[in-house]
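Me: I have a model open and want to learn how to read it. Can we go through it feature by feature?

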Amino acid sequence: MAESKELIDLPDPDDSISYKEFVSNIEIDSVNIRKLNMESVVAPNEIANLMKDGDRIEIDLEHEFKLEKRLEENNSFFALGIVQVAARVKNNVLFLIEVELVIEYDTSLSKQVIPDEIYNDFVQNNVPVNLWPYAREAIQSGTTRMGYPPLTIRPYRVLM
């Protein structure tokens with residue numbers, strides 16, 4: 001059970017920052033690959049043997065973006081993006097790629113209290129847009145390095 005807070009410990013609503021202010025005052029410090037797994041299950045020159053008339057290569061793409069940690073002492077926070085792609089012909093997996101990216105943001109320009117809701121909204125709306133190009137590049141160059149044609153993933157779109 002969470003501890004109750006004293007009224008004096010609660011943030012003053014007048015000191016809170018709006019989402020728009022938060023986004024305009026944030027800086028990206030770094031983007032790094034934490035993990036990159038690539039597995040070529042079927043050699044590129046063997047794909048033709050798996051395919052029959054009308055067969056298509058199916059691409060499964062999954063992604064997740066989340067807040068990893070906040071560092072109050074240096075006004076930064078880290079977010080994580082995981083993008084996984086698998087290529088299949090029917091039930092045969094051709095290749096798998098998983099890229100895990102970590103991004104560090106600097107919030108030192110904000111002198112106001114940043115509520116958890118602001119962080120959560122930012123992770124849902126902005127982190128994918130910031131990390132997606134790096135994931136796309138890793139997937140495209142990964143398929144090429146495995147001997148497949150480059151797989152180009154569509155740009156990430158935030159629907160409003």
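Reply: Start with one term. Contact means heavy atoms within 4.5 Å. Keep in mind that this is a predicted model.

Me: Among contacts between residues at least 6 apart in sequence, what share joins residues at least 24 apart?

Reply: The share is 71%.

Me: How many helices and strands does the protein have?

Reply: There are four helices and four strands. Along the sequence they follow the pattern α-β-α-β-β-β-α-α.

Me: How do I read burial, and what percentage of the residues count as buried?

Reply: Use a cut-off: buried means under 20% relative accessible area, and exposed means over 50%. Of the 160 residues here, 33% count as buried.

Me: Let me try one before the helices. Where is Ile 17 placed?

Reply: Ile 17 sits in the segment before α1, which covers 19-24. Its relative accessibility is 5%, so Ile 17 counts as buried.

Me: Which residues does Ile 17 touch, not counting those up to four places away in sequence?

Reply: Ile 17 touches Phe 22, Asn 25, Ser 110, Gln 112, Val 113, Ile 114, Pro 115 and Ile 118. Take Val 113 from that list. Ile 17 and Val 113 are 96 residues apart in sequence, yet their C-alpha atoms are 6.2 Å apart in space.

Me: Now the strands. Is Ser 76 of β3 buried or exposed?

Reply: Ser 76 is buried, because its relative accessible area is 4%. Beyond four places in sequence, Ser 76 touches Arg 70, Leu 71, Glu 104, Tyr 105, Asp 106 and Thr 107.

Me: What about Ala 86, which is also placed in β3?

Reply: Ala 86 has 6% relative accessibility and therefore counts as buried. Setting aside residues up to four places away, it touches Glu 58, Ile 59, Asp 60, Phe 95 and Leu 96. Check the pair Ala 86 and Ile 59: they are 27 residues apart along the chain, with 5.7 Å between their C-alpha atoms.

Me: And Val 89, what is its relative accessibility?

Reply: It is 0%, so Val 89 counts as buried. Val 89 lies in strand β3. Outside its neighbours within four places, Val 89 contacts Leu 50, Met 51, Asp 55, Arg 56, Ile 57 and Leu 94.

Me: How should I read a phi value?

Reply: Most residues other than glycine have a negative phi. Look for exceptions. Lys 90 is not a glycine, and its phi is positive, near 55 degrees. Lys 90 is placed in the loop between β3 and β4. With 55% relative accessibility, Lys 90 counts as exposed. A glycine case comes just after α4: Gly 147 has a positive phi of about 100 degrees.

Me: Next, a charged residue. Is Glu 98 buried or exposed?

Reply: Apply the cut-off again. Glu 98 has 18% relative accessibility, so it counts as buried. Glu 98 lies in strand β4.

Me: With which side chain does the side chain of Glu 98 make a polar contact?

Reply: The partner is the side chain of Gln 84, at 3.4 Å. Neighbours within four places aside, Glu 98 is in contact with Lys 35, Leu 36, Asn 37, Ile 82, Val 83 and Gln 84.

Me: How do I check the length of a helix such as α4?

Reply: Compare the expected span with the end-to-end distance. At 1.5 Å a residue, the 19 residues of α4 should span 27 Å. The end C-alpha atoms of α4 are 27 Å apart, so the two agree.

Me: Where does α4 bend?

Reply: At Pro 133, by about 25 degrees.

Me: Which residues of α4 are buried?

Reply: They are Val 127, Pro 128, Leu 131, Trp 132, Ala 135, Ala 138, Ile 139, Gly 142 and Thr 143. What covers them includes β1, β2, β3, β4 and α3.

Me: How do I read the pairing of α3 and α4?

Reply: Look at distance, angle and residues. The axes of α3 (residues 116-125) and α4 (residues 127-145) come within 4 Å and cross at roughly 35 degrees. From α3, the contact uses Phe 122, Val 123, Gln 124 and Asn 125. From α4, it uses Val 127, Pro 128, Val 129 and Asn 130. By class, that makes five nonpolar, three polar and no charged residues.

Key: Residues are numbered from 1 along each chain as its sequence is written. This is a predicted model: local features need pLDDT of at least 70, side-chain atom pairs count only at pLDDT 80 or more; totals for chains, interfaces and linings use all residues. Side-chain values use heavy atoms; hydrogens and water are left out. Axes are lines fitted to C-alpha atoms, for helices over the stretch in contact, and angles run from 0 to 180 degrees between N-to-C directions. Helices (H or I, at least four residues) and strands (E, at least two) are DSSP runs, numbered from the N terminus. Ala, Val, Leu, Ile, Met, Phe, Trp, Tyr, Cys and Pro count as nonpolar, Asp, Glu, Lys and Arg as charged, and the others, Gly among them, as polar. The expected span of a helix is 1.5 Å times one less than its number of residues. The bend at a residue is the angle between axes fitted to the seven residues ending there and the seven starting there. Buried means under 20% relative accessible area, exposed over 50%, partly exposed in between (1.4 Å probe, protein chains only). A polar contact is a pair of N or O atoms within 3.5 Å; within protein, one must be able to donate a hydrogen and the other to accept it, and residues adjacent in sequence count only if both atoms are side-chain atoms.
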